[in-house]
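Open the model in your viewer and keep the sequence panel visible. Each stop below says what to select and what is there.

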Amino acid sequence: MREARFLADAGVDAIIAQGAEAGGHRGMFLETDVAAQIGTLALVHEIVNAVPVPVIAAGGIVDGRGIAAAFVLGASGVQLGTAYLTCPEATISPVHRAALAEHDRQTVITTVLSGRPARSILTRFVREQGPLNDAVPNYPLATPALVPLRAKAEAEGSGDFSLLWAGQSRAENRNLGAAELTKALAEEALTRLRNLAST
């Protein structure tokens with residue numbers, strides 16, 4: 001919340017409300033305790049009530065239901081990441097694509113892959129080293145240290161040492177390109193919002 005007020009006071013045009021569920025690196029810059037990061041929907045509700053600029057919801061939203069929920073809470077827009085990783089345009093590695101297809105794979109916030117807190121699919125390396133480990137070199141030094149291990153493992157079809165960024169919610173693989181997925185998500189969200197408006 002303090003970050004949202006700071007940004008609004010600085011004159012930004014919009015604020016991205018990144019919840020704890022989001023994949024990849026944390027967008028935190030004033031706060032440092034990842035354990036205190038709250039979920040997307042609660043965060044959107046709080047920020048919308050606290051600042052006069054548009055709020056964009058991000059984190060754990062992978063379908064029309066999540067998009068509609070964010071709009072109901074006052075978001076002006078929604079940002080999706082993990083939902084698009086299964087699109088053919090995504091330039092992720094084959095082991096990353098395979099890990100996303102395993103819907104029972106847990107995600108965790110970890111520092112051992114890059115030196116900064118980020119949400120990744122749980123791998124052997126993350127499990128054995130942390131996931132939060134103060135001995136890890138600071139960003140960006142941790143990632144290059146993993147490159148030889150990652151290259152060897154990925155050549156053998158293993159993601160044990162890979163950076164497998166992903167949010168907590170997994171999207172179903174719809175086998176759609178990015179444009180088609182965007183249209184489908186928009187239609188789902190609009191249908192949900194219309195249904196809510198008519199009740």
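How do the residues of the lining of the largest pocket divide into nonpolar, polar and charged? The lining has 21 nonpolar, twelve polar and five charged residues. Keep in mind throughout that this is a predicted model.

**Stop 1: the largest pocket.** The space in this pocket comes to about 710 Å³. Its lining is made up of 38 residues, and those closest to the centre are Ala17, Gln18, Gly27, Gln37 and Leu43. Select these five to find the place on screen. Next, colour α1 (2–9), β1 (15–18) and α2 (40–50), the elements that give two or more residues to the lining. Of the lining, the largest share comes from β1, with four residues.

**Stop 2: the second largest pocket.** Select Arg26, Met28, Phe29, Glu31, Thr32, Val34, Arg116 and Pro117, which line the second largest pocket. About 150 Å³ of space lies in it. By type, this lining has four nonpolar residues, one polar and three charged.

**Stop 3: helix α3.** Select residues 64–72, which form helix α3. Which residues of α3 are buried? They are Gly64, Gly66, Ile67, Ala68 and Ala70. Now show α2, β3 (55–58), β4 (77–79) and α7 as well, since the buried residues of α3 pack against these elements. Just after the helix, pick glycine 74, where phi is positive, at about 110 degrees.

**Stop 4: serine 120.** Go to strand β6 (residues 118–121), where serine 120 lies. Is serine 120 buried or exposed? Its relative accessible area is 0%, so serine 120 counts as buried. To see what surrounds serine 120, leave aside the neighbours within four places in sequence and select its contacts: Gln106, Thr107, Val108, Thr110, Leu113, Leu164, Trp165 and Ala166.

**Stop 5: leucine 163.** Move to the loop between α6 (142–155) and α7 (178–198), and select leucine 163 there. With neighbours within four places in sequence again left out, leucine 163 is in contact with His96, Leu113, Thr143 and Arg150. Leu113 also appeared at the previous stop, among the contacts of serine 120. Finally, add serine 93 to the selection and draw a distance between the two C-alpha atoms. How far apart are leucine 163 and serine 93 in sequence and in space? They are 70 residues apart in sequence and 9.7 Å apart in space, C-alpha to C-alpha.

Definitions and conventions. Residues numbered from 1 in each chain as written. Predicted model: local features only at pLDDT ≥ 70, side-chain atom pairs only at ≥ 80, totals over all residues. Heavy atoms only, no water. Buried < 20%, exposed > 50% of the residue type's maximum accessible area, 1.4 Å probe, protein only. Contact = heavy atoms within 4.5 Å. 1 Å grid on protein atoms, 1.4 Å probe; cavity = no way out; pocket = protein on both sides within 12 Å on 5 of 7 lines; lining within 4 Å. Points joined across faces, edges and corners; volume = space filled by probe spheres on them. Nonpolar A, V, L, I, M, F, W, Y, C, P; charged D, E, K, R; others polar.
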